[in-house]
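Trainee: I should be grateful for a close look at a single helix of this chain, and at how it is placed among its surroundings.

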Amino acid sequence: MSTALSVEHLGVVYDHFYALKDISVSIESGESFGLVGESGSGKSTLLRAIAGLAPVSEGTVRVHGEAVKGSKRSRSFYRSVQMVFQDPYGSLHPRQTVDRLLLEPLAIHGIGDAEKRIARALDEVGLGNGFRFRYPHQLSGGQRQRVAIARALIVEPSILLLDEPTSALDASVQAEVLNLLEQIRRDRKLTFVMVSHDLGVVTHMCGRLAVMRGGAVVERLTSAELAGGSVREEYTRNLMIASKGFVKA
Ligand SMILES: Nc1ncnc2c1ncn2[C@@H]1O[C@H](COP(=O)(O)OP(=O)(O)OP(=O)(O)O)[C@@H](O)[C@H]1O
Ligand SMILES: [Mg+2]
């Protein structure tokens with residue numbers, strides 16, 4: 001196994017406020033790694049720091065062993081690492097058709113064969129060619145998130161950063177999109193880092209996870225340990241109680 005992504009002693013400071021403190025995590029190729037923790041604990045900040053969207057003050061991010069230099073991310077970084085956000089309405093330009101939305105990353109990375117790639121990307125996320133000329137507002141929430149996933153996948157990254165990718169969706173649609181993500185991960189041998197406040201989702205999707213609090217990792221667990229309740233921290237136990245349906249009353 002090789003390491004796909006690692007962060008070493010990562011710190012993020014916003015105006016004297018430490019949003020992340022000394023975070024170290026190492027994620028193997030093909031692994032699905034979960035991040036959980038209360039609101040404001042720094043989960044999104046960690047994904048954003050990896051993606052070059054948060055001000056890193058200390059530490060190193062490595063992709064496939066290679067240190068990422070500076071705060072700006074290169075084009076080649078974004079060919080390896082793509083991010084999917086919670087709210088596809090915010091991440092998909094409202095005045096661009098699905099076709100345009102999928103064409104843009106291909107153009108940025110100078111990837112040819114657009115026709116074929118767009119058709120294949122839509123097919124892979126379970127949307128037919130009929131969706132190609134629709135605008136985001138002409139799609140359901142689940143369909144929009146499928147477009148956001150297709151857009152991330154079209155440049156063939158090896159790592160996906162997923163920030164609550166299904167928490168804006170209804171339960172049944174959420175399950176469909178999670179199953180789709182899991183199938184794509186297996187087929188493409190992708191590495192996932194997934195944030196979710198739903199511990200059931202994390203145990204279903206991830207093998208290992210880190211529990212965050214106040215910008216730090218307080219506990220590392222396997223999903224089996226979490227599901228079996230063998231956690232060390234009181235804080236983690238409280239998260240389990242707060243996560244609806246996770247602990248049987
Ligand atoms: N751009 C910013 N400027 C200043 N502070 C910020 C900024 N972004 C995040 N923070 C702060 O950093 C901390 C961590 O925020 P973050 O969004 O990472 O939390 P989270 O764990 O993702 O929470 P949630 O579960 O609510 O999404 C919070 O205290 C937040 O207010
Ligand atoms: Mg967040």
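Mentor: The answer below begins with the chain as a whole, then turns to one helix, and ends with one residue of a strand.

Please keep in mind that this is a predicted model. The secondary structure of the chain consists of ten helices and ten strands. Along its principal axes, the C-alpha trace spans about 50 × 45 × 40 Å. For 249 residues, a compact globule would have a radius of gyration near 18 Å, and the value of 18 Å for the chain therefore agrees with that expectation. Buried residues account for 47% of the 249 residues. Of the contacts between residues at least 6 apart in sequence, 69% join residues at least 24 apart.

The helix chosen for the close look is α5, which covers residues 114-124. Which of its residues are buried? They are Ile118, Ala121 and Leu122. Viewed down the axis of α5, these buried residues fall within an arc of 95°, so they line one face of the helix. A general rule helps in reading such a pattern: an α-helix has 3.6 residues a turn, so residues three or four places apart point the same way.

What does the buried face meet? The buried residues of α5 pack against two other helices, α4 (98-108) and α6 (141-153). On the other side of α5, by contrast, Lys116 and Asp123 are exposed. To call a residue exposed here is to say that over 50% of its relative area is accessible, whereas a buried residue has under 20%. Just after α5 comes Gly126, which takes a positive phi of about 80°.

For a second example of burial, consider Leu5, which belongs to strand β1 (residues 3-14). Leu5 counts as buried because its relative accessibility is 1%. Leaving aside its neighbours within four places in sequence, Leu5 is in contact with several residues, among them Val25, Ile27, Ile50, Val63, Ile159, Leu161 and Val193. Leu5 and Gly65 are 60 residues apart along the chain, yet their C-alpha atoms are separated by 7.3 Å.

Finally, some words on the surface and the charges. The chain exposes about 12100 Å², of which carbon and sulfur atoms supply 49%. There are 30 positive and 27 negative side chains, and the centres of these two sets lie 4 Å apart.

Terms used: Residues numbered from 1 in each chain as written. Chains lettered and ligands numbered in written order. Predicted model: local features only at pLDDT ≥ 70, side-chain atom pairs only at ≥ 80, totals over all residues. Heavy atoms only, no water. Helix = DSSP H or I, 4+ residues; strand = E, 2+ residues; numbered from the N terminus. Buried < 20%, exposed > 50% of the residue type's maximum accessible area, 1.4 Å probe, protein only. Contact = heavy atoms within 4.5 Å. Arc of directions from axis to C-beta. Rg over C-alpha atoms; globule rule 2.2 N^0.38 Å. Areas by Shrake-Rupley, 256 points an atom, 1.4 Å probe, with all protein chains shown as cover. Lys, Arg positive; Asp, Glu negative; His and termini not counted. Charge placed at Lys NZ, Arg CZ, Asp CG, Glu CD.
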